[in-house]
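Here are my notes on this model, set out as numbered points. Please read them with the coordinates open.

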Amino acid sequence: MVTGLTPEEVSAYAESVAHAEAGRTVPLALGTPRRGKPPLHWADLDAAQRADEIAALGLPKFRVNQLTRHLFDRLEADPSGWTDIPKVEREVLAARFAPSLLERVRDQSADGGTTVKTLWRLHDGSLVESVLMRYGVPGVRASGSGRERATVCISSQAGCGMACPFCATGQGGLQRNLSTGEILAQVVDAARRLRDGEVPGGPGRINNIVFMGMGEPMANYTAVLRAVRTMVAPAPEGLGISARGITISTVGLVPQIQRLTAEGLPVTLAVSLHAPDDELRDELCPINTRWNAREVVNAARGYFETTGRRVSIEYALIRDVNDQAWRADALADLLGGTGYGWVHVNLIPLNPTPGSRWTASRRSDEDAFVRRLEARGVAVTVRDTRGREIDGACGQLAAQGA
């Protein structure tokens, strides 16, 4: 079902724009607001809990595997398709374990239809967004070149508490954490769209999942990791997506980076650094006042040393703020010490947000920054920005647009 924004939601968006234009910023928020929990979903339960729930309903054990297969392998949220389960039991299972968690408010598309941003309304009125991007689609030049692949960028929180002043999501503040079911529902929707050929390029499947939508994934660690384990579990227990195709980003919550290191999951870690010096990073990433740049980089290097997975350093280039050539040298110094084989720097041209005084670097400064890093032997690329015109690019997900 597709709905529209309510007058109250439009008003809230206008207020957030006025807030940004006035130059005010929200405070850092590490705690999670107390709000009503979303309905329980099968994805929120581990294997033992699922077995217990089915037993409590007096149903046979094999219903566990049947329901899991329908939801995660066949992507069938509609119980009418669960024909191997008696109708009466279907209705009970659907009501108890497969509630609708996301209400589609609207879709916006760009890049010849190969980038689709979806605005979702949650059970409590919170709004979140996800972005599905398909690359290398034959006949669609705007989809880019290279092999055909599909990436979905998902949200882990409604809003964000990290308060980065150049990020629309961060300036909206934190509403609440998403449940495992709400996180996974974004991926399931994208997988279904690709399977059914709803995105240009014909039927396909998800290759990559990036936790780079709304929210700080590491601040919702338990739900995020439970969702990831379902994503990587082979069919029919999960979505069968390679862990190497999943990226979890963080602005620098060091204890959670260390916790992820011990998980034994070969996902990619992405660290949003944005400045090599603490004085500037304190301003751009307020979490730096808790764990400074050196502590964050050391934790990230520890992740590589344990997992063998090269870490991505995300660095949004902001005109006359963090894009000076000397800061490229400082970044190389910060990342060095034991060589640069453990890391890749991903430079991100800053995307505009309403009323913001922050803007993208000049192309000449961007090029100079790249040259200085390359001269030091640092692997570096400039991100191919997708969905900018629909506010679907990095830093633009505010989920309040009118």
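Is His 274 buried or exposed? This is a predicted model, and the answer there is clear: His 274 counts as buried, because its relative accessibility is 7% and the cut-off for buried is under 20%.

1. **His 274 in context.** The residue sits in the loop between strand 9 and helix 9. Its phi is near 70°. That is a positive value in a residue other than glycine. Most residues other than glycine have a negative phi. Check this one by eye.

2. **Asp 111.** A second case of the kind is Asp 111, with phi near 55°. It too is a residue other than glycine with a positive value. Asp 111 belongs to the loop between strand 1 and strand 2 (115–121). With 16% relative accessibility, Asp 111 counts as buried.

3. **The cis peptide.** Most peptide bonds are trans. The bond joining Ala 235 and Pro 236 is cis, with omega about 5°. Pro 236 lies in the loop between helix 7 (221–232) and strand 8 (246–250).

4. **Overall make-up.** The chain has 402 residues, and 54% of them are buried. It contains twelve helices and twelve strands. Take the contacts in the chain with a separation of 6 or more: 69% of them are between residues 24 or more positions apart. The exposed area is about 16,800 Å². Carbon and sulfur atoms supply 50% of that area.

5. **The sheet.** Ten strands form an open sheet in the order 1-2-3-4-7-8-9-10-11-12. The pairing is mixed. Strand 1 (103–110) and strand 12 (380–382) stand at the edges. Each has a single partner strand, so one side of each lacks a neighbour in the sheet. On average, neighbouring strands are turned by 20° against each other, direction ignored.

6. **Strand 10 and its partners.** Strands of a sheet pair through backbone hydrogen bonds, either parallel or antiparallel. Strand 9 (residues 268–272) and strand 10 run parallel and are joined by three bridges. Here Val 271 stands opposite Ile 313, and Ser 272 has Glu 314 as its bridge partner. Strand 10 also pairs with strand 11, again in the parallel sense, over seven bridges. On that side, Leu 317 has Pro 349 as its bridge partner.

7. **How enclosed is strand 10?** Seven of its seven residues are buried, so strand 10 is largely enclosed by the rest of the structure. Both faces are covered. Val 311, Ile 313, Tyr 315 and Leu 317 lie on one side. Ser 312, Glu 314 and Ala 316 lie on the other. Note that Glu 314 is among the buried residues.

8. **Aromatic pairs.** The structure holds two aromatic pairs. One of them is Tyr 315 with Phe 369: 5.2 Å centre to centre, 40° between the planes, so tilted rather than stacked (under 30 degrees) or edge-to-face (over 60). Tyr 315 is in strand 10 (residues 311–317) and Phe 369 in helix 12 (residues 363–375), so the pair ties together parts that are 54 residues apart in sequence. Both residues are buried.

9. **Helix 11.** Which residues of helix 11 (residues 325–335) are buried? They are Arg 327, Ala 328, Leu 331, Ala 332, Leu 334 and Leu 335. These residues cover an arc of only 160° around the axis, which puts them on the same side of helix 11. They pack against helix 9 (278–284), helix 10 (293–307), strand 10, strand 11 (343–349) and helix 12. Gly 337 follows helix 11, and its phi is positive, near 105°.

10. **Arg 147.** This residue is in the loop between strand 3 (127–135) and strand 4 (149–153). Arg 147 is exposed, with a relative accessible area of 54%. Leaving aside its neighbours within four places in sequence, Arg 147 is in contact with Tyr 135 and Gly 136. The C-alpha atoms of Arg 147 and Tyr 135 are separated by 7.4 Å. Along the chain, these two residues are twelve apart.

How values were computed:
Residues are numbered from 1 along each chain as its sequence is written. This is a predicted model: local features need pLDDT of at least 70, side-chain atom pairs count only at pLDDT 80 or more; totals for chains, interfaces and linings use all residues. Side-chain values use heavy atoms; hydrogens and water are left out. Rings of Phe, Tyr and Trp (its six-membered ring) pair if their centres lie within 6.5 Å; planes under 30 degrees apart count as stacked, over 60 as edge-to-face and the rest as tilted. Helices (H or I, at least four residues) and strands (E, at least two) are DSSP runs, numbered from the N terminus. Buried means under 20% relative accessible area, exposed over 50%, partly exposed in between (1.4 Å probe, protein chains only). Two strands pair if DSSP finds at least two bridges between them. Axes are lines fitted to C-alpha atoms, for helices over the stretch in contact, and angles run from 0 to 180 degrees between N-to-C directions. Contact means heavy atoms within 4.5 Å. Accessible areas come from the Shrake-Rupley method with a 1.4 Å probe; for residues, only the protein chains shown count as cover. The arc is that of the directions from the helix axis to the C-beta atoms.
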